[in-house]
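Here is a short briefing on one chain and its ligand. Fold, ligand shell and one helix residue are taken in turn.

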Amino acid sequence: MTLLHPVLNLPLEDDLPHWREDAACRADEAAEVFFPGGDRGQTKTMTDAAKRVCAGCPVRIDCLLYAVETRQEYGVWGGATEPERRRLARKVNAAPSRTAALRIISAS
Ligand code: SF4
């Protein structure tokens, strides 16, 4: 069975993380909320909708860690927008160990 990107619905390469198989957004009909565009009000509404899906996602921590480590530039990943992930990345990069980095991600 080919795994698909949870948001973009594209086939994943074999070396990409398989946690995406359990992603809550895979079942989301309105996947575009994860990559909002348009005016500020519309973007905020869509971002809030994406964050609500992420809040109940069983792989949120894996997703957020992946997005921070791979510097995903667009969209909502792990319940965080790009500016939020940038702030988080600064803390993760300053963490003394991977365990400490995971603690930071988990607490976000
Ligand atoms: S945390 Fe959000 S973006 Fe990440 S897999 Fe889950 S629902 Fe999708």
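Of the chain's 108 residues, 26% count as buried. The model is predicted. Helices make up its regular secondary structure: there are 4 of them, and 0 strands.

**Fold**
- The pattern along the sequence reads α-α-α-α.
- Take the contacts in the chain with a separation of 6 or more: 41% of them come from residues 24 or more positions apart.

**Ligand shell**
- The ligand has 15 residues around it.
- Those that come nearest are A23, C25, C54, C57 and C63.
- Two elements, α1 (40-55) and α2 (60-69), each give two or more residues to this shell.
- Sorted by class, the shell holds 12 nonpolar residues, 2 polar residues and 1 charged residue.
- Cysteine is counted as nonpolar in this sorting.

**Residue R86**
- Helix α3, which covers residues 82-94, contains R86.
- Is R86 buried, exposed or partly exposed? R86 has 13 C-beta neighbours inside 10 Å, so R86 counts as partly exposed.
- The cut-offs explain the label: 20 or more such neighbours would make a residue buried, and 12 or fewer would make a residue exposed.
- R86 and V68 are 18 residues apart along the chain. Their C-alpha atoms are separated by 7.5 Å.

Terms used
Residues numbered from 1 in each chain as written. Predicted model: local features only at pLDDT ≥ 70, side-chain atom pairs only at ≥ 80, totals over all residues. Near = placed C-beta within 6 Å. Contact = placed C-beta atoms within 7 Å.
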